[in-house]
Amino acid sequence: MDNAAMGLMTLASNWEAIVKEEIKPVDISETAMDTPHLQMHIAMYPWFAMGHISPYLHLANKLARRGHKISFFMPKRTKAKLEHFNQYPQLITFITITIPRVDGLPPEAETTSEVPSSLRPLLMTAMDRTEKDFELLLLELKPNIVFFDFASWIPNLTRSLGIKSVQYMILSLISTAYVESVAQCQEKNLVRDELNPMHAPDGFPDSSIKLHAHEFQALTSIMKLEFGSGVRFYDRRHVVYVVSVIPNV
C-alpha cells in the first residue's frame, strides 16, 4: 500500500474521531482553571471562502468546548457574518486581516462569494500577500499550533518561529489520498492512457473507488490549475502535506 495514501487514511480516521465525537457539556471557565497545563492556544487561518471558514469555526467550537484557546483569522467584513456562530467567545477570538490590493481583484472583495470563479486565483494571491502581517501577529500571539489549508507558505513560516502547523483540509481525505496516488503515478512518467479512470491508481488503498471518464478529466485539469501567485492548486495541497503534516503531527 502506498505510504502517502495510507498516511492520509490514518489522518482521516484520527481527525474524524475528534470532530465527530459527542462531548458532554462542561463549564469552560472551570475547565480552563482546573487544567491550565492542558490548554493549547491554536491559531486558525482558513482559505477566504465561507465553505472553508464555516467548517473551521465548527472545529474551533469543538476545541473550545474542551477548554482550548483559539485565535481565528479572517477578513474584516467576514467577522460580522460569523460572530453569532461563535459559541465560546471567552475562548475564541476573531482576528481580522486586511486584504492586500491585487491588480484585477475588486478592492472590496474578501471572500470567494464576492468574486467570479475566474478571479479566485487573484484572491489566493491576496491571501499569500498577508504573510508578513500574519507573521507579526503570530509573534505577538505565540500560539502552540496553526491550522491552515491553502496557504502553502505557512509551514515554513511557523517552523522558523518554533510553532507547529497542521493542514486541516475540509475536503474529503479519501479524495485527497486518491489525488495523491494519481499524482505519484504521473511522477513515475506514466502516460495518461495508463491511468485508467475505471481502476484506482496503484497504491490507493480501496480499489472499489472508481471515476467516470469525465470526472477523471476534471480531476487532472484541476491538478494543473494555477491557483494564485503562480502556484498550482495541486501543489498547494501536495506541498503542505509533505512539508507540514508528516513532520509536525
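Here is a friendly conversation about a predicted model of a protein chain.

Student: Let's start with the overall picture. How many helices and strands does the protein chain have?
Tutor: Keep in mind that we are looking at a predicted model. The chain runs to 249 residues, and 48% of them count as buried. Its secondary structure adds up to five strands and 10 helices.

Student: In what order do the strands stand in the sheet?
Tutor: Strands of a sheet pair through backbone hydrogen bonds, either parallel or antiparallel. Here the pairing is parallel, and the five strands form an open sheet. Reading across, the order is β3-β2-β1-β4-β5.

Student: Which strands stand at the edges, and why is one side of each left without a neighbour?
Tutor: Look at the two ends of the order β3-β2-β1-β4-β5. A strand there has a single partner strand, so one side of it is left without a neighbour in the sheet. The strands in question are β3 (92-97) and β5 (164-167).

Student: Which residue in β5 stands opposite Val146?
Tutor: Val146 falls in strand β4, which covers residues 145-148. Strands β4 and β5 pair in the parallel sense over four bridges. Opposite Val146, in β5, you will find Ser165.

Student: Now to a helix. Within what arc do the buried residues of α6 fall?
Tutor: Helix α6 spans residues 131-141, and its buried residues are Phe134, Glu135 and Leu138. Seen down the helix axis, they line one face, because they fall within an arc of 105°.

Student: Which residues are exposed on the other side of α6?
Tutor: First, the buried residues of α6 have a cover that includes β1 (41-45), β2 (69-75), β4 and α7 (154-160). To count as exposed, a residue needs over 50% relative accessible area. On the other side of α6, that description fits Lys132 and Glu140.

Student: What phi does Lys142 take?
Tutor: Lys142 comes just after α6. Its phi is positive, at about 55°.

Student: On to the aromatic rings. Is the pair of Trp47 and Phe48 stacked or edge-to-face?
Tutor: The count for the model comes to 11 aromatic pairs. For Trp47 and Phe48, the rings lie 6.3 Å centre to centre, with 15° between the planes. Planes under 30 degrees apart count as stacked, so the pair of Trp47 and Phe48 is stacked.

Student: Is Trp47 buried or exposed?
Tutor: The cut-off for buried is under 20% relative accessible area. Trp47 has 3% relative accessibility, and its partner Phe48 has 0%. Trp47 therefore counts as buried.

Student: How many residues apart in sequence are the parts that Trp47 and Phe150 tie together?
Tutor: The rings of Trp47 and Phe150 form a tilted pair, 6.2 Å centre to centre with 45° between the planes. Trp47 lies in the loop between β1 and α3 (50-65), while Phe150 lies in the loop between β4 and α7. The pair therefore ties together parts whose separation in sequence is 103 residues.

Student: Which residues do ring pairs link into a cluster?
Tutor: We have already met some members, including Trp47 and Phe48, which pair with each other. Phe134, a buried residue of α6, belongs to the cluster too. The cluster is made up of Tyr45, Trp47, Phe48, Phe73, Phe134, Phe150 and Trp153.

Student: Which residues does His52 touch, not counting those up to four places away in sequence?
Tutor: His52 is found in helix α3. At 10% relative accessibility, His52 counts as buried. The residues touched are Pro46, Trp47, Asp149, Phe150 and Ile170.

Technical notes: Residues numbered from 1 in each chain as written. Predicted model: local features only at pLDDT ≥ 70, side-chain atom pairs only at ≥ 80, totals over all residues. Heavy atoms only, no water. Pairing = 2+ DSSP bridges. Buried < 20%, exposed > 50% of the residue type's maximum accessible area, 1.4 Å probe, protein only. Arc of directions from axis to C-beta. Contact = heavy atoms within 4.5 Å. Phe/Tyr/Trp six-rings, centres within 6.5 Å; stacked < 30°, edge-to-face > 60°.
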